[in-house]
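Biologist: I would like to learn how to read the strands, helices and backbone angles of a model like this one. Could you take me through them one feature at a time?

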Amino acid sequence: MKYALVTGGSRGIGRACCVKLAGTGHKVIINFRTNQQEAEKTLEIIRGNGGEGEIMKFDISKPEEVEKALSAWIQQHEGDYISVLVNNAGIRKDALVMWMKDDEWLDVINTNLNSFLYVSRLLIKDMLLNKFGRIINVVSLSGLKGLPGQANYSAAKAGVIGATKAIAQEVAKKKVTVNAVAPGFIRTDMTRDMDENQLKAMIPMGRFGNPEEVAGIVGFLASEEASYITGAVINVNGGLYT
Ligand code: NAP
């Protein structure tokens with residue numbers, strides 16, 4: 001059985017990644033923080049398509065919680081390992097720097113950047129031992145270009161991009177690849193408060209993307225076919241920024 005863990009699999013881009021990976025034969029571990037109902041809905045969709053999965057609650061920004069949940073899974077699955085990790089969960093807490101509070105900075109850095117270490121370090125060892133692994137980090141246009149009002153979020157996502165490139169080189173010899181996918185504006189709960197009509201005027205394709213359009217490239221990067229792609233950052237942004 002091939003196992004894939006998707007952080008923040010309960011909604012949005014994470015849900016679409018779960019469905020995609022289940023469709024390519026992975027048993028998907030759907031992580032969530034609070035929204036169990038939505039996580040169960042993701043599982044229902046997977047099962048409805050004939051796939052398999054399970055839900056797993058932990059807060060990716062809390063190292064003790066991550067360690068407890070994943071160590072328990074590893075202990076209960078001797079002989080198996082999680083070969084695909086999609087570091088997807090993330091939050092925004094936008095503010096101009098002159099108004100930004102410590103917690104707005106720290107929560108976004110902890111959830112979007114530090115979590116990358118907390119989750120990845122626990123799963124990398126088995127990927128190396130088994131000489132196959134895929135780590136796919138969902139970053140953002142904001143981490144490449146920087147967006148006003150998002151210094152915290154841009155810094156966190158840029159940090160993950162740097163880590164992606166560094167770790168890709170650490171593990172390449174053992175056939176473990178590490179890549180990042182950088183969405184532009186995607187229609188999810190995260191962008192619900194944005195003025196789509198105004199923003200879409202800036203996007204060459206003239207529209208927001210759908211979660212499935214991000215999941216498509218995540219599914220490819222997770223596949224055997226993507227074996228020679230590592231340390232890459234792939235834009236999914238309708239031509240907004242290259
Ligand atoms: P979303 O609809 O707001 O969903 C966020 C997901 O992350 C939910 O499943 C949520 O779980 C989970 N989550 C948040 N904090 C968590 C934590 N501390 N521990 C565990 N899970 C946590 O967001 P989205 O738009 O799908 O975004 C997914 C990723 O894409 C994020 O990294 C985001 O930064 C990135 N991104 C999004 C866009 C966009 O336009 N939407 C653009 C660029 C990048 P609960 O359901 O339990 O709350």
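Modeller: We will go through the sheet, then the helices, and then a few single residues.

Modeller: This is a predicted model, in which local features need pLDDT of at least 70 and side-chain atom pairs count only at pLDDT 80 or more, while totals for chains, interfaces and linings use all residues. Residues are numbered from 1 along each chain as its sequence is written, and side-chain values use heavy atoms, with hydrogens and water left out.

Biologist: How should I read a sheet, and what is the order of the strands here?

Modeller: Strands of a sheet pair through backbone hydrogen bonds, either parallel or antiparallel. Helices (H or I, at least four residues) and strands (E, at least two) are DSSP runs, numbered from the N terminus, and two strands count as paired if DSSP finds at least two bridges between them. In this model an open sheet of 7 strands follows the order E3-E2-E1-E4-E5-E6-E7, and its pairing is parallel. Strand E3 (52–57) and strand E7 (233–236) form the edges, each pairing on one side only. On average, and ignoring direction, neighbouring strands of this sheet are turned by 20 degrees against each other; such angles run from 0 to 180 degrees between N-to-C directions, with axes being lines fitted to C-alpha atoms, for helices over the stretch in contact.

Biologist: Which bridge partners could I look up on the screen to follow the pairing of E2?

Modeller: Strand E2 (residues 26–32) pairs with E3 in the parallel sense over 6 bridges, and Ile 30 has Ile 55 in E3 as its bridge partner. E1 and E2 also run parallel, joined by 5 bridges, and there Leu 5 has Ile 29 in E2 as its partner. Of the 5 residues of E1, 4 are buried (under 20% relative accessible area, with exposed meaning over 50% and partly exposed in between, using a 1.4 Å probe and protein chains only), so E1 is largely enclosed by the rest of the structure.

Biologist: Which helices lie against this part of the sheet?

Modeller: Helix H2 (residues 36–48) packs on the sheet, where H2 touches E2 and E3 and its direction makes about 170 degrees with that of E3. Contact here means heavy atoms within 4.5 Å. Helix H3 (residues 63–76) lies across strand E1 (2–6), E2, E3 and strand E4 (82–87), and runs at about 145 degrees to E3.

Biologist: How do I describe two helices that pack on each other?

Modeller: Two packed helices are described by the angle between their axes and the distance between the axes. The axes of H3 and H4 come within 9 Å and cross at roughly 25 degrees, which makes H3 roughly parallel to H4 (angles under 35 degrees; over 145 is roughly antiparallel, 65 to 115 roughly perpendicular, and the rest oblique). The contact includes Leu 70 and Ile 74 of H3 and Leu 122 and Leu 123 of H4.

Biologist: What angle do H4 and H6 make, and which residues meet there?

Modeller: The axes of helix H4 (residues 102–129) and helix H6 (residues 151–171) come within 8 Å and cross at roughly 15 degrees, so H4 is roughly parallel to H6. Among the residues that meet are Trp 105 and Phe 116 in H4, and Tyr 153 and Val 160 in H6.

Biologist: How are H1 and H8 arranged?

Modeller: Helix H1 (residues 12–23) and helix H8 (residues 211–222) pack at an angle of about 45 degrees with their axes 8 Å apart, which makes H1 oblique to H8. The residues that meet include Ala 16 and Cys 17 in H1, and Ala 215 and Gly 216 in H8.

Biologist: Is Ser 83 buried or exposed?

Modeller: Ser 83, which lies in strand E4, is buried, with a relative accessible area of 5%. Not counting residues up to four places away in sequence, Ser 83 touches residues including Tyr 3, Met 127 and Phe 132.

Biologist: Where is Lys 131, and what is its phi?

Modeller: Lys 131 is in the loop between H4 and strand E5 (133–138), and has a positive phi of about 50 degrees although it is not a glycine. Lys 131 counts as partly exposed at 46% relative accessibility. Lys 175, in the loop between H6 and strand E6 (176–183), likewise has a positive phi, near 65 degrees, in a residue other than glycine, and is exposed, with a relative accessible area of 57%.
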